[in-house]
Amino acid sequence: MTSLPTGFAPSSYWMESAPGPAYPTLEPGPGPACPDVDVAVVGGGMAGICAAWELARAGRHVALVEAGRLAAGVTGHTTAKLSALQGLNYQDVCSSRGEEAARLYAMSQADAVDRVVEVSAELGVDCDLEDVPAYTYAETEETLRAVRAEAEAAGAAGLNASFVTETGLPFPVAGAVKVTGQAQFHPRKYVLALAEDLAARGALVFENSRVVALKEGDPCRLTTDRGASVRARDIVVATHYPIFDRSLLFARLEPKRELVVAAVLPADRDPLGMYLTPEDDTRSVRTAPYGHGQRLLIVTGEKFIPGTGSVRGRYERLISWTRRRFPGVEPAFRWAAQDNWTTDHVPFIGRLHPASRHAYVATGFGGWGLSGGVCAGRLLAGRLTGSPPPWTGLYDPGRLSPLRETPAMLGLQAHVARHFVGDRLSAAGAEAVRDIAPGGGAVVRVGGRQRAVHRDEHGALHTLSARCTHLGCLVRFNDAERTWECPCHGSRFDPDGEVLQGPAVRPLARRDDVPDPTAPEPGDADGSGALGGDRR
């Protein structure tokens with residue numbers, strides 16, 4: 001197993017530096033545990049909190065319900081860039097939706113950046129907000145052609161985009177798109193301040209309250225895993241990946257995970273900007289304030305589908321790239337981010353499904369969930385209060401262009417089918433348990449049933465059903481984060497099977513039918529024996 005550097009904290013800097021207050025859990029009771037509200041928002045990340053705050057600001061009575069802690073999921077593990085320039089996305093939007101769509105996309109994303117600046121000033125939020133330029137750069141001739149085209153596409157869409165050959169990076173580039181007036185900030189400091197103001201406006205905020213069911217109607221009803229319920233005229237589902245399959249959006253969403261490493265950098269070596277290249281499985285660079293005379297260099301990359309390949313090896317590649325490009329730095333933090341990509345490169349923000357009258361969704365931000373989340377909050381609040389922004393139709397989940405989207409949709413479903421069938425054929429036999437090292441995990445077959453087996457640092461086995469509780473694909477072990485991940489739709493679980501990330505809402509079933517061939521036999525000196533148990 002590849003070793004990661006010692007002293008390399010497996011935690012997000014954003015989480016470590018802004019712990020945040022606790023909010024109550026929504027509990028069941030003999031009467032309504034939560035009074036009826038105008039709007040209930042499911043999901044306490046950037047999109048959910050922004051939607052709830054905008055709605056409360058407009059005078060709506062709101063309940064916000066989060067499965068874990070506020071801003072502790074994707075929002076707490078992002079790179080925290082606020083930019084209307086998003087890689088090479090304007091070429092993609094032009095190709096899939098047309099020039100007018102690209103213009104509306106630029107307007108909406110620029111509006112989101114401006115909104116964070118405006119709200120931070122209004123509420124007096126100290127969130128390390130900094131005005132910096134954004135760059136998409138190239139080092140190879142092939143990428144350079146795409147970067148030149150992106151400069152033209154972004155400019156045509158209305159951004160103040162220019163093509164440059166000089167940047168603040170400590171290495172040469174072949175060329176870059178540059179857009180000034182973008183922003184970087186501390187995402188949790190911003191979002192937690194919004195949540196505090198949201199509660200002060202009379203909204204109900206609940207943590208550790210996982211919603212597992214939605215009954216649409218007038219009113220709608222949400223039910224949590226504890227049996228508590230919330231009734232609301234309107235529902236907003238902002239759970240990163242929609243937890244309700246009735247939308248059928250899973251056929252048009254592809255989950256991807258990216259790794260992040262962060263290292264302390266002297267302030268005089270700050271590259272003074274936000275940078276991204278599609279090369280090397282994506283590389284993203286920014287910095288953040290980190291004490292007197294220092295910055296925290298944040299590098300992201302190694303984009304991959306959850307549950308595919310060694311994650312430790314990917315971390316090693318990212319660390320190696322960081323050391324080469326910024327000599328003398330040593331990573332101090334590591335974490336990972338996850339997002340969903342749509343088949344036409346534009347997020348889904350609008351009705352949960354075509355027949356919905358009171359249920360809405362926000363998802364598919366394609367790695368740009370901070371500006372996308374602010375945009376979603378603005379759009380949904382405007383729609384629910386009768387003042388929809390001009391780009392509402394652009395993001396409508398009901399849109400579908402068979403000619404343009406069908407190839408991508410077929411590719412996604414082929415990927416799912418390969419894993420749903422192929423992973424069942426390739427699972428190792430129970431004898432493979434012997435080879436699982438402490439801290440490792442593997443899927444093994446026992447009597448025709450697939451089991452997800454993890455050996456903890458003390459040598460004890462933790463055995464679960466390997467079937468993802470979303471749609472039944474088999475999970476795989478992430479050897480760097482020590483999690484089980486579904487390669488089909490991106491659900492993630494901890495070693496004991498508890499849900500870390502949806503669309504799954506129920507844990508992996510615990511099992512105890514995998515014997516440990518490394519354990520002493522009955523009658524040995526220590527009197528212990530192999531694990532036995534049921535054949536469920």
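**Group meeting: a small sheet, a disulfide and a helix pair**

Let's start with the sheet. Four strands form an open sheet in the order β22-β23-β24-β25, and the pairing is antiparallel. Its edge strands are β22 and β25, the latter covering residues 499-501. Each of those two pairs on one side only. Keep in mind that this is a predicted model.

Now one pairing in more detail. β22 runs antiparallel to β23, and 3 bridges link them. Take Phe 477. Which residue in β23 is its bridge partner? Trp 484 is.

Next, the disulfide. How many does the structure hold? The count is 1. The bond joins Cys 473 to Cys 488, with an S to S distance of 2.1 Å. The cut-off for calling a disulfide is 2.5 Å.

Where do these cysteines sit? Cys 473 is in the loop between β21 (461-465) and β22 (476-478). Cys 488 is in the loop between β23 (483-485) and β24 (492-493). The pair therefore ties together parts that are 15 residues apart in sequence. β22, β23 and β24 belong to the sheet I opened with.

What about handedness? The torsion about the S-S bond of Cys 473 and Cys 488 is about -90°, so this disulfide is left-handed.

Buried or exposed? The buried class means under 20% relative accessible area. Cys 473 has 2% relative accessibility, so it counts as buried. Cys 488 has a relative accessible area of 4%, so it is buried too.

Two further cysteines deserve a mention. Cys 50 has 5% relative accessibility and counts as buried. Cys 127, at 2%, also counts as buried.

Last topic: a helix pair. Two packed helices are described by the angle between their axes and the distance between the axes. Here the pair is α4, residues 99-123, and α6, residues 187-200. Their packing angle is about 55°. Their axes are 11 Å apart. What does that angle make them? Angles from 65 to 115 degrees would be roughly perpendicular, and those under 35 roughly parallel. α4 and α6 are therefore oblique to each other. Their crossing is left-handed.

Which residues meet? On the α4 side, we have Arg 115, Val 116, Val 119, Ser 120 and Leu 123. On the α6 side, we have Tyr 190, Leu 194 and Asp 197.

To recap. One sheet has the order β22-β23-β24-β25. One disulfide joins Cys 473 to Cys 488. One helix pair, α4 and α6, packs at about 55°. Over to you for discussion.

Definitions and conventions:
Residues are numbered from 1 along each chain as its sequence is written. This is a predicted model: local features need pLDDT of at least 70, side-chain atom pairs count only at pLDDT 80 or more; totals for chains, interfaces and linings use all residues. Side-chain values use heavy atoms; hydrogens and water are left out. Buried means under 20% relative accessible area, exposed over 50%, partly exposed in between (1.4 Å probe, protein chains only). Two strands pair if DSSP finds at least two bridges between them. Axes are lines fitted to C-alpha atoms, for helices over the stretch in contact, and angles run from 0 to 180 degrees between N-to-C directions. Angles under 35 degrees count as roughly parallel, over 145 as roughly antiparallel, 65 to 115 as roughly perpendicular and the rest as oblique. A crossing is left-handed if the near helix is turned anticlockwise from the far one by less than a right angle, and right-handed if clockwise. Contact means heavy atoms within 4.5 Å.
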